Amino acid sequence: MKEFNIKSLVRKNILDLQPYISFRDQNEFENPVFLDANESPFGEYNRYPDSTQKELKNRLAELKNVLPQQIAVGNGSDELIDLIIKIFCEPKKDSVMMMNPSFAMYKFYASINENNVIGLDLDNNFQINKDLFLKVSEQEKSKIFFLCSPNNPTGNSIQDIEFYIKNFDGIVVVDEAYIEFSEQKSCIELLEKYPNLIILQTFSKAWGMAGARVGIAYSSDEIISLINTVKAPYNVNSLSLSKIMQLINYKNIIEENIKNTLSEISRLKNELLNVECVKRVFPTDANFFLIEFNNAEKVYQELLENEILTSKRSPQIPDCIRINVGKRDENNKVINVLKSI
């Protein structure tokens, strides 16, 4: 990649923006009397949460071998996606690039910000064509490239991710929402090498905390400082932060849950391959399968009639349905319905 200059990519009004700083969170007190934020003096959660999420960042820094100042915490990864677009993309002027098909929220937030979205069509194996990537990157000069790996809704990991990071003259956001289920290494180890890299992870998937809405961004301290400048002051609530901290201290439970899910993925794949209406089960590095059926619409409706909710991906991916791997009894119910079709 060319010499990286973050200021040449950031919107001028963002560079000039002064962050909201909570005096309380920037100072240490022994026996404070809090009369500064118009809070009620009563209640268990009567105080605003730590706007800087210091405790969580320090713990994640230990786990991921990064510095606390390289971490931003969001109200889900969605908030971080939204903020990244707002930081770098001028409305009605700049564009973002994303794989097609991939996670729909990249396009959603870019559209809200009035940015054009450039879709990079994946090949038959749901991989990126490198020549096409280089051609489109040079033509469009998009500010951000969203690269989801393992990809949603296809389930596969993207090969040779470093190629795309070093050959993109903008910000590369590698979304690793499903990384815990994959044998692929996290790109966190590439942060020191590439100043244009942002990595997104979440507590919503493998950690089983979708209801808490906590997403994490890892990047250079310069980019993280920009995210912290534009984020809302108290964007992650006290209950979510508390629950996440408790969960991290019992990481062995999460590892056991991941192990059980991977075992169920293997079992379920074997079952699916013996179902008559299943045409193809695509390889997955995530906690879901993309499945091609002989008649996806009929299968989808039959599952729905049995109160099994799945994600219909047709017509974007013809005759395909994405099915999450659940508990054993839930998976058995899916298989039994499919066998009856």
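**Reading a predicted model**

Q: Where is the place of Lys205?
A: Lys205 sits in the loop between β6 (197–202) and β7 (215–218). Keep in mind that this is a predicted model.

Q: What does UniProt list for Lys205?
A: An unreviewed UniProt entry lists Lys205 as "modified residue: N6-(pyridoxal phosphate)lysine". Such an annotation may be inferred rather than shown by experiment.

Q: Why does Lys205 count as it does: buried, exposed or partly exposed?
A: Its relative accessibility is 35%. Buried means under 20%, and exposed means over 50%. The value for Lys205 falls in between, so Lys205 is partly exposed.

Q: Which residues is Lys205 in contact with, leaving aside its neighbours within four places in sequence?
A: They are Ala177, Tyr178 and Phe181. Contact here means heavy atoms within 4.5 Å.

Q: Why does Asn115 count as buried?
A: Asn115 has 5% relative accessibility. The cut-off for buried is under 20%. Asn115 meets that cut-off, so the word buried applies. Asn115 is in the loop between α5 (105–112) and β3 (116–121).

Q: What makes the pairing of Asn115 and Asn113 a polar contact?
A: The two side chains are joined at 2.7 Å. The limit is 3.5 Å between N or O atoms, so this pair qualifies. The side chain of Asn115 also has a polar atom 2.8 Å from the backbone oxygen of Glu90.

Q: Why is Lys92 called buried or exposed?
A: Lys92 has a relative accessible area of 68%. Exposed means over 50%, so Lys92 is exposed. Lys92 lies in the loop between α4 (76–88) and β2 (95–100). Its phi is positive, about 65°, although Lys92 is not a glycine.

Q: Why is Lys141 called buried or exposed?
A: Its relative accessible area is 56%. That passes the 50% cut-off, so Lys141 is exposed. Lys141 is in the loop between α6 (130–140) and β4. Phi of Lys141 is also positive, near 50°.

Q: Which form does the peptide bond from Ser149 to Pro150 take, cis or trans?
A: This bond is cis, with omega near -5°. The bond from Asn152 to Pro153 is cis too, with omega near 25°. Pro150 is in the loop between β4 (144–148) and α7 (161–166). Pro153 is in the loop between β4 and α7.

Q: How do you know that domain 1 and domain 2 bury area between them?
A: Interface size is often given as the accessible area lost when parts come together. Here the buried area is about 1,500 Å², with 62% of it on carbon and sulfur atoms. Across this interface, 18 residues of domain 1 contact 17 residues of domain 2. The rule finds zero salt bridges there.

Key
Residues are numbered from 1 along each chain as its sequence is written. This is a predicted model: local features need pLDDT of at least 70, side-chain atom pairs count only at pLDDT 80 or more; totals for chains, interfaces and linings use all residues. Side-chain values use heavy atoms; hydrogens and water are left out. Helices (H or I, at least four residues) and strands (E, at least two) are DSSP runs, numbered from the N terminus. Buried means under 20% relative accessible area, exposed over 50%, partly exposed in between (1.4 Å probe, protein chains only). A polar contact is a pair of N or O atoms within 3.5 Å; within protein, one must be able to donate a hydrogen and the other to accept it, and residues adjacent in sequence count only if both atoms are side-chain atoms. Buried area is the accessible area (1.4 Å probe) that two parts lose on being put together, summed over both. A salt bridge is a side-chain nitrogen of Lys or Arg within 4 Å of a carboxyl oxygen of Asp or Glu.
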